[in-house]
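Got the structure open and a few minutes to spare? Here are some exercises to work through, each with a solution you can follow step by step.

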Amino acid sequence: MRDGVNATRLRVPLTGPWPTVHDYVLETFGHIDHGGITQRFYDGDVVDVHGAPLSTSTPLGDLEFLWYYRSVSQEVRLPVTEELIHQDEHLVVVDKPHFLPTTPAGRYVQESLLVRLRNTLNLPDLVPIHRLDRGTAGVVLFSKQPDTRGAYQLLFENRVVQKSYECVSAIPAGMSPETMASRFPLTVRNKIEKTKGVVVSQLASYAPEHSGKRPHDRTARQGKRRTEAIPGANSSSQIELLSTGRSPSGHDVGHFRLNPHTGKTHQLRIHMALLGLGILNDRFYPELLDDAPDEFDKPLQLLAKTLDFTDPLTGVPRSFTSSRALQESPQ
């Protein structure tokens with residue numbers, strides 16, 4: 001580990017048209033950071049299984065795997081700050097701000113919640129038990145101890161963690177607050193699929209005989225990991241309207257509580273968009289907008305507000321709450 005970042009493993013072909021390992025890496029990933037790749041070899045940042053640095057002349061076929069440390073040249077610090085909610089022998093619980101990724105991704109490495117915490121708390125073994133989107137703020141749970149990490153991960157896999165979110169959405173033009181209130185509470189269920197390399201998730205169809213089933217009722221046996229695909233809907237969210245009114249920026253908005261029963265990528269954002277209530281400042285749903293610089297005064301209006309579970313080590317109920325509030329909530 002270096003500066004809070006784990007080494008990344010890369011599989012290298014044993015044969016091919018490349019004379020050296022460096023040539024293969026450069027041709028495969030050079031479009032991302034051509035000069036930076038070669039510099040990593042020169043700096044000794046690309047190593048073999050024993051930690052020995054590779055050179056630009058290491059022949060292809062000498063090794064099957066290499067390791068390198070991810071970095072971003074001239075990474076700018078994001079003007080947002082996380083808040084520590086709780087820390088004990090096994091857990092760290094943090095209130096994540098909008099715009100900060102949970103883990104290193106793309107152009108954010110040091111500027112991720114995980115790496116910030118590893119460095120500031122001096123906890124190299126720290127690992128997130130779950131993740132929030134970069135745009136979403138709120139409660140995130142981290143594990144400090146590799147020996148007890150699996151017990152907390154199984155809480156999420158077996159869906160015995162209660163999570164509540166809040167969001168703010170614009171009320172459709174012409175809809176009265178009374179009409180809006182009459183639609184809720186309600187539950188949204190559908191099938192969501194995420195393709196690697198595609199930014200947004202997609203909806204998928206399923207056979208009529210699989211309709212009406214609650215995906216969160218079909219859990220794996222206690223202590224077991226689910227491996228088979230779930231037929232029918234694989235996502236479910238309960239949505240409740242908390243209030244309506246005028247937002248500080250002048251929109252007629254609704255303030256909602258969201259209780260996801262499952263945890264598919266972008267699930268809550270998709271479900272609100274399907275209702276015609278896309279979350280304010282969402283650049284992905286219902287329409288994917290062009291990439292643009294962050295507008296730090298216009299964060300996505302989605303907050304992971306509470307996280308509740310029974311501690312698997314002690315049997316004691318645990319409850320954690322974000323102190324943040326959504327800035328576009330009705331006044």
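The exercises below go from domains to salt bridges, then to a helix and some backbone details.

Keep in mind throughout that this is a predicted model.

**Exercise 1. Find the domains of the protein chain and say how far apart the centres of domain 1 and domain 2 lie.**

Solution.
- Start with the domain assignment: domain 1 covers 8-68 and domain 2 covers 83-158.
- Domain 3 is written in two pieces, 162-212 and 230-321.
- Now take the C-alpha centres: those of domain 1 and domain 2 are 30 Å apart.

**Exercise 2. Work out which parts of the chain the Arg134–Asp294 salt bridge links, and whether each partner is buried, partly exposed or exposed.**

Solution.
- Check the distance first. The N to O distance is 2.7 Å, and a salt bridge needs such atoms within 4 Å, so the pair qualifies.
- Next, place the partners. Arg134 sits in the loop between strand 6 (127-128) and strand 7 (137-143), while Asp294 sits in the loop between helix 5 (267-274) and strand 13 (302-310).
- That makes this a link between distant parts of the chain, with the two residues 160 apart.
- Last, look at accessibility. Arg134 has 22% relative accessibility, so it counts as partly exposed.
- Asp294 has 25%, so it is partly exposed too.

**Exercise 3. Look at two other salt bridges, Glu295 with Lys298 and Arg116 with Glu111, and describe their surroundings.**

Solution.
- A whole-structure search turns up 13 salt bridges, so you have plenty to pick from.
- In the Glu295–Lys298 bridge, the closest N and O atoms are 3.9 Å apart.
- Glu295 is partly exposed because its relative accessibility is 38%, and Lys298 is partly exposed because its value is 44%.
- Elsewhere, shared partners tie Arg77, Glu82, Glu111 and Arg116 into one salt-bridge network.
- Within that network, Arg116 pairs with Glu111 at 2.5 Å between the closest N and O atoms, and both of these residues are buried.

**Exercise 4. List the residues of helix 2 that are buried, and find what covers them.**

Solution.
- Helix 2 spans 113-121.
- Its buried residues include Leu113, Leu114, Val115, Arg116, Leu117 and Arg118.
- You've met Arg116 already, as the salt-bridge partner of Glu111.
- The cover over the buried residues includes strand 5, strand 6 and strand 7.
- Just after the helix comes Asn122, with a positive phi near 55°.

**Exercise 5. Track down the cis peptide bonds at Pro185 and Pro286, and place each proline.**

Solution.
- Phe184 and Pro185 are joined by a cis peptide bond with omega about 5°.
- Pro185 belongs to the loop between helix 4 (177-182) and strand 9 (186-193).
- From Tyr285 to Pro286 the bond is cis as well, with omega near 0°.
- Pro286 belongs to the loop between helix 5 and strand 13.

**Exercise 6. Compare Phe99 and Asn281: what is the phi of each, and is each one buried or partly exposed?**

Solution.
- Phe99 isn't a glycine, yet its phi is positive, near 80°. Asn281 also has a positive phi, near 70°.
- Phe99 lies in the loop between strand 5 (91-96) and helix 2, and Asn281 in the loop between helix 5 and strand 13.
- With 10% relative accessibility, Phe99 counts as buried.
- Asn281, with 34%, counts as partly exposed.

Key. Residues numbered from 1 in each chain as written. Predicted model: local features only at pLDDT ≥ 70, side-chain atom pairs only at ≥ 80, totals over all residues. Heavy atoms only, no water. Domains from an automatic or database assignment. Salt bridge = Lys/Arg side-chain N within 4 Å of Asp/Glu carboxyl O. Buried < 20%, exposed > 50% of the residue type's maximum accessible area, 1.4 Å probe, protein only. Helix = DSSP H or I, 4+ residues; strand = E, 2+ residues; numbered from the N terminus. Contact = heavy atoms within 4.5 Å.
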